[in-house]
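Trainee: I keep getting lost when I look at a whole chain at once. Could you pick one part, look at it closely with me, and then show how it connects to the rest?

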Amino acid sequence: SYRMLHDRPNPAMSAHVFWSAVAAHLLLYGNAFLPKVTDPLTGFVDSLYIEDPTGITVEWNGARKRFVDEGPPKRTWTEETMLHIVGFSLNGVTGVSPISMCRNPLGTAIARETFEGTFYKQGATMPGVIEYPGRLGADGIKNLASGFAARHHGVDNMHQTPVLEEGASFKPAQMALEDMQFVESKQMSRSDVAIIFRIPPSYLAASSGDSLTYATVEGNKIQLAQTAIMPLTHTIAQAVGEGP
């Protein structure tokens, strides 16, 4: 009913919380699974709930769907008891996760963030080389490297004057972030994420290119509504119209 869809799909969730979760499931997993609860007196759907899409398998026999959660306990649903909203799909039966389809650019972005964090943790400099005029044994090499690292690694210890004994010298391998094009590559990662989820790049503080076409706040809102929100709401509305 309108009340169920607009106000409270089930006693535990408001419509805002419920449909926000459905949208998140479609964007992250490509599927949303909503079990139906029917009023025994009227026979109409009285409530909708949300199931974790990662635990449900869709079985397709060419005509009907069957939904299985191995549990424990094992649970099954039919098309009469489960509303299945399909996002972007390759076979028309189940949706696919945008993240899994675009895991390479997203993985690159995560790896870049991890590397940058470690880079700054070590004092925002690349490692160097300690040169020793003689020959050190395994223990000597280990003690020299660990002693130098304990005194000079990290942001709190950066720019301290190193003191080395017995003719040893340290030659740093300096490399600025600009030389590694960190700024440009980080902007590219944000742009990739914006493209995956079809949102204006400016919403992620990403560059939209160097063309002379300047985006406005109003233009960004229109783009967000037309390319990101409207397809999602249309998918949900069409599934609900055919479902309950």
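Mentor: Sure, and a bit of vocabulary comes before the tour: helices (H or I, at least four residues) and strands (E, at least two) are DSSP runs, numbered from the N terminus. This is a predicted model, where local features need pLDDT of at least 70 and side-chain atom pairs count only at pLDDT 80 or more, while totals for chains, interfaces and linings use all residues. Residues are numbered from 1 along each chain as its sequence is written, and side-chain values use heavy atoms, with hydrogens and water left out.

Let's zoom in on the loop between β4 (65-69) and β5 (75-78), where you'll find P72. P73 sits in the loop between β4 and β5 too. G71 and P72 are joined by a cis peptide bond, with omega about 10°. Then comes the bond between P72 and P73, also cis, with omega about -10°.

Now step back into β4. F67 in strand β4 pairs up with F33 in strand β1 (residues 31-38), 34 residues apart, so to speak a link between distant parts of the chain. To count such pairs, the rings of Phe, Tyr and Trp (its six-membered ring) must have centres within 6.5 Å; planes under 30 degrees apart are stacked, over 60 edge-to-face, and the rest tilted. That rule gives 2 aromatic pairs. One is F18 with W19: their ring centres are 4.8 Å apart and their planes sit at 90°, so this pair is edge-to-face. The F33 and F67 pair is edge-to-face as well, 5.9 Å centre to centre with 70° between the planes.

Are these rings buried or exposed? Buried means under 20% relative accessible area, exposed over 50%, and partly exposed in between (1.4 Å probe, protein chains only). F33 has 2% relative accessibility, so it counts as buried, and F67, at 1%, counts as buried too. F18 and W19 are buried as well.

W19 leads us to the cores. A nonpolar core is a set of buried Ala, Val, Leu, Ile, Met, Phe, Trp, Tyr and Cys residues joined through side-chain atoms within 4.5 Å. The largest has 18 residues, and W19, V22, L34, I85 and I236 touch the most other members. Two or more residues each come from α2, β1, β2 (45-48), β6 and α7, and α2 gives the largest share, 6 residues. If contact means heavy atoms within 4.5 Å, V22 touches A32, L34, I50, I85 and I236, leaving out residues up to four places away in sequence. Apart from this core lies another, of 7 residues, including F33, V58, W77 and V93.

I236 takes us to α7. The buried residues of α7 are N220, L224, A228, L232, I236, A239 and V240, and they pack against α1 (2-6), α2 (15-29) and β6 (82-86).

One last check concerns pLDDT, the predictor's confidence in each residue, from 0 to 100. The chain averages 77, and 61% of the residues score at least 70. Over residues 175-180, pLDDT stays under 50, and the model has 8 contacts beyond four places in sequence for them. Where pLDDT is low, don't read the predicted coordinates in detail.
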